[in-house]
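User: I'd like to learn how to read a protein structure I haven't seen before. Can you walk me through it step by step?

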Amino acid sequence: MQVKPTEEVVRFLEPIAKEVGVEIVEARWNLREPSLTVFIDAPGGVDLILCEKFHRAIDGPLDELDPTFGAPYTLNCSSPGLDRAFTTPRDYERHMGEEVEVKLYAPVDGKKYYEGVLCAFDGQSATVRTEEGEKCFSLPQIAKMNLAIKLD
C-alpha cells in the first residue's frame, strides 16, 4: 500500500491541531491493518472526549489530502501514554520541572536507574535533580526517559 509520509500528513494537520488546542506528538502508519494513528497532547492532558473532537476535526480534511491515494484505512487518535519515552527535544522541553524516570545503558555512579525532576535540557544532555543532587546525562547514555508514574 502506498501512503504519504507521516511528516507531510503532520504538516497538513498542524493548523487543525492548533485550532482544537492540541499538539501532534507523533503520527504512525500501520500498513498491515492499514491504519494511521495520530498521537496528541494538550495542556491538562488528553481524554477520550478530546481524542474524539480532534478525530472529527481531521477526518474530512484527511479525505481531501487522500494520504492513501484512494485506498481505505482506519484513522485513530490517541494520547501518547504516560510511559512514552521522550524522543524529541520538544518532549524534554514540554516536561521541564516534572518528575521523570531515567534508565541508562550503562551505570553512572553505580546506578542504571534514576528518578528526579527534569531541570535542564540543552539538546545534547538532560539534567535531573535527584535525592543525591543534580545528575547530567548525555542523550547517548539514556536508554529511556519518561514521566514518573506515581500511583497514589
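Analyst: Let's go from the overall layout to the sheets, then to the pockets and one residue. Keep in mind that this is a predicted model.

User: Okay, starting with the basics: how many helices and strands does the protein have?

Analyst: A good habit is to count the elements and then read them in order. Here the tally is 3 helices and 8 strands. Going along the sequence, you meet them as α-β-β-α-β-α-β-β-β-β-β.

User: What does the C-alpha trace span along its principal axes?

Analyst: For overall dimensions, look at the extent along each axis. The trace covers about 55 × 30 × 30 Å. You can also ask what share of the residues is tucked away: 39% of the 152 residues are buried, taking buried as under 20% relative accessible area.

User: And how do I tell whether contacts link distant parts of the chain?

Analyst: Look at how far apart in sequence the partners are. Among contacts with a separation of 6 or more, 53% are between residues 24 or more positions apart.

User: Now the sheets. In what order do the strands of the 3-stranded sheet sit?

Analyst: Read a sheet from one side to the other, not by strand number alone. This open sheet has the order β1-β2-β3, and its pairing is mixed. Residues 23–30 form β1 and residues 74–78 form β3; these two are the edge strands with a single partner each, so each has one side without a neighbour in the sheet. On average, neighbouring strands here are turned by 20° against each other, ignoring direction.

User: How do β2 and β3 run, parallel or antiparallel?

Analyst: They run parallel, and 5 bridges join them, with β2 covering residues 35–41. For one cross-strand pair to find on screen, try Thr 37, which sits opposite Asn 76 in β3.

User: Which strands does helix α1 lie across?

Analyst: To place a helix, ask which strands it touches and at what angle it runs. Helix α1, residues 6–20, lies across β1 and β2 and runs at about 145° to β1. Helix α2, residues 48–65, lies across β1, β2 and β3, at about 145° to β3.

User: What is the strand order in the sheet of 5 strands?

Analyst: Same approach. This one is also listed as open, with the order β7-β6-β5-β4-β8 and antiparallel pairing. The edges are β7 (133–138) and β8 (142–147); each has a single partner strand, so one side of each is left without a neighbour in the sheet. From one strand to the next, the twist averages 40°.

User: How do I follow the pairing inside that sheet?

Analyst: Pick one strand and check its partners on both sides. β6 is joined to β5 by 4 bridges, running antiparallel, and to β7 by 6 bridges, also antiparallel. β6 and β7 make a hairpin, with 2 residues between them. Arg 129 is a handy landmark: this β6 residue is the bridge partner of Val 117, and Arg 129 also stands opposite Glu 134 in β7.

User: What about side chains along a strand?

Analyst: As a general idea, side chains in a regular strand alternate between the two faces of the sheet.

User: On to pockets. How much space lies in the largest pocket?

Analyst: Start with the volume, then look at who lines it. The largest pocket holds about 260 Å³. Its lining has 14 residues, and those closest to the centre are Asp 41, Pro 80, Gly 81, Leu 82 and Leu 147. By class, the lining splits into 6 nonpolar, 4 polar and 4 charged residues.

User: Which strand gives the most to the lining of the second largest pocket?

Analyst: That would be β5, with 5 residues. This pocket has about 150 Å³ of space, and its lining includes Glu 99, Lys 111, Arg 129 and Lys 150. The class count for the lining is 2 nonpolar, 2 polar and 7 charged.

User: Last one: how would I read a single residue, say Ile 149? Where is Ile 149 found?

Analyst: Check its place in the chain, its exposure and its contacts. Ile 149 is in the segment after β8. Its relative accessible area is 38%, which makes Ile 149 partly exposed. Beyond neighbours within four places in sequence, Ile 149 contacts Leu 82, Asp 83 and Glu 101. The C-alpha atoms of Ile 149 and Val 100 are 8.1 Å apart, although 49 residues separate them along the chain.

Methods: Residues numbered from 1 in each chain as written. Predicted model: local features only at pLDDT ≥ 70, side-chain atom pairs only at ≥ 80, totals over all residues. Heavy atoms only, no water. 1 Å grid on protein atoms, 1.4 Å probe; cavity = no way out; pocket = protein on both sides within 12 Å on 5 of 7 lines; lining within 4 Å. Points joined across faces, edges and corners; volume = space filled by probe spheres on them. Nonpolar A, V, L, I, M, F, W, Y, C, P; charged D, E, K, R; others polar. Pairing = 2+ DSSP bridges. Axes fitted to C-alpha atoms, helices over the stretch in contact; angles between N-to-C directions. Contact = heavy atoms within 4.5 Å. Buried < 20%, exposed > 50% of the residue type's maximum accessible area, 1.4 Å probe, protein only.
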